[in-house]
Amino acid sequence: MRNELPAELDPARVTVVCDPREQTPWDLSPLRMERRALQTGDYAVDGAEHLCRLERKSLADFISCCTWERPRFTSDLQKLLAFPTRIVVVEASLAELSAGEWERRVSVQSVLGSIASWSAMGINFLFAGDRAAAQKMASRILYMVAKRQYNAARRLLGERRPRHVAEDRQDDGGLAPRADSAISPTGPDTTRRPARGVYPQETLAAFDPTAEVVG
């Protein structure tokens with residue numbers, strides 16, 4: 001007999017993966033935190049690592065990324081492009097950044113130019129204002145990623161239709177399984193969806209270790 005997942009995902013059941021190299025990790029309560037190595041980015045959702053990565057930057061860190069660390073940071077950002085949701089969350093406001101009150105000798109125009117260049121690559125930037133606001137926004141974003149994956153898992157557990165029945169074409173943000181697609185072994189593919197019956201089991205285990213794929 002299958003287990004039913006609740007209609008709403010309790011934030012306390014969401015586990016965020018934080019890379020051990022993160023020296024001043026956020027407090028993302030009520031989400032849970034687990035320290036585990038990530039190949040890129042600072043934060044991900046357990047069971048949905050292929051969907052989202054967040055990169056945390058203080059103002060000082062971000063200015064460094066726009067100057068002598070720019071080549072390395074640009075390389076890191078290119079790796080983030082493999083994930084549908086990729087966001088650099090800066091613990092400062094854009095107005096604060098535009099004021100140019102920092103110690104390093106770099107012009108405001110140079111910093112803004114770097115942001116524009118990276119944005120054109122496809123990277124999203126969130127200037128949260130301060131650390132407290134950055135934590136709240138990061139917690140919300142990671143919860144929403146988990147919630148979308150959770151809803152897709154609930155749909156999968158509820159599937160009992162024969163395989164010859166046409167797939168439901170309701171918009172699901174690219175997360176629900178489809179019969180004419182497959183999981184990419186090398187990373188997320190936003191144009192293709194998991195095949196029916198091969199949805200990642202770890203996704204379900206992240207929310208309910210006893211839940212099983214049925215149908």
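1. Ring pairs first, with the rule they rest on: rings of Phe, Tyr and Trp (its six-membered ring) pair if their centres lie within 6.5 Å. On that footing, ring pairs link Phe62, Phe73, Trp118, Phe125 and Phe127 into a cluster. Keep in mind that what you have here is a predicted model. Across the structure, the count comes to seven aromatic pairs.

2. A pair to look up in that set is Trp26 with Tyr43. Their ring centres are 4.9 Å apart and the planes sit at 15 degrees, so this pair is stacked. Trp26 is in the loop between E1 and E2, while Tyr43 belongs to strand E3 (residues 43-45), so the contact ties together parts that are 17 residues apart in sequence. Both ends are out of the solvent's reach by the usual label: Trp26 is buried, and so is Tyr43.

3. Now back to the cluster, and to Phe62 with Phe127. This aromatic pair is edge-to-face, with 5.9 Å from centre to centre and 90 degrees between the planes. Phe62 comes from helix H1 (residues 59-65) and Phe127 from strand E6 (residues 124-127), so the two rings tie together parts that are 65 residues apart in sequence. Phe62 and Phe127 are both buried.

4. On to charges. Side chains of opposite charge can pair when their charged atoms come close. Searching the whole structure turns up eleven salt bridges. One of them joins Glu22 to Arg56, with 2.6 Å between the closest N and O atoms. That pair links distant parts of the chain: Glu22 is in the loop between strand E1 (15-18) and strand E2 (32-35), Arg56 is in strand E4 (residues 52-57), and the two are 34 residues apart. Are these two partners buried or exposed? Glu22 is buried at a relative accessible area of 5%, and Arg56 is buried too, at 7%.

5. Another bridge worth a look is Glu91 with Arg131, whose side chains meet at 2.9 Å, N to O. Glu91 lies in the loop between strand E5 (85-90) and helix H3 (94-99), and Arg131 lies in helix H5 (residues 131-158), so the bridge ties together parts that are 40 residues apart in sequence. The two ends get separate labels here: Glu91 is buried, with a relative accessible area of 12%, whereas Arg131 is partly exposed at 28%. Points 4 and 5 also connect, since salt bridges that share partners join Glu22, Arg56, Glu91 and Arg131 into one network.

6. For a bridge between residues with nearby numbers, see Arg72 and Glu69: the closest N and O atoms are 2.9 Å apart. Arg72 has 39% relative accessibility and counts as partly exposed.

7. Last, the cysteines. How many disulfides does the structure hold? The tally is zero. Take Cys65: the closest cysteine sulfur to its own is in Cys66, 6.8 Å away, which is too far for a bond. The cut-off behind that call is 2.5 Å between the sulfur atoms. Cys65 counts as buried, at 0% relative accessibility. Cys52 is likewise buried, also with a value of 0%.

Key:
Residues are numbered from 1 along each chain as its sequence is written. This is a predicted model: local features need pLDDT of at least 70, side-chain atom pairs count only at pLDDT 80 or more; totals for chains, interfaces and linings use all residues. Side-chain values use heavy atoms; hydrogens and water are left out. Helices (H or I, at least four residues) and strands (E, at least two) are DSSP runs, numbered from the N terminus. Buried means under 20% relative accessible area, exposed over 50%, partly exposed in between (1.4 Å probe, protein chains only). Rings of Phe, Tyr and Trp (its six-membered ring) pair if their centres lie within 6.5 Å; planes under 30 degrees apart count as stacked, over 60 as edge-to-face and the rest as tilted.
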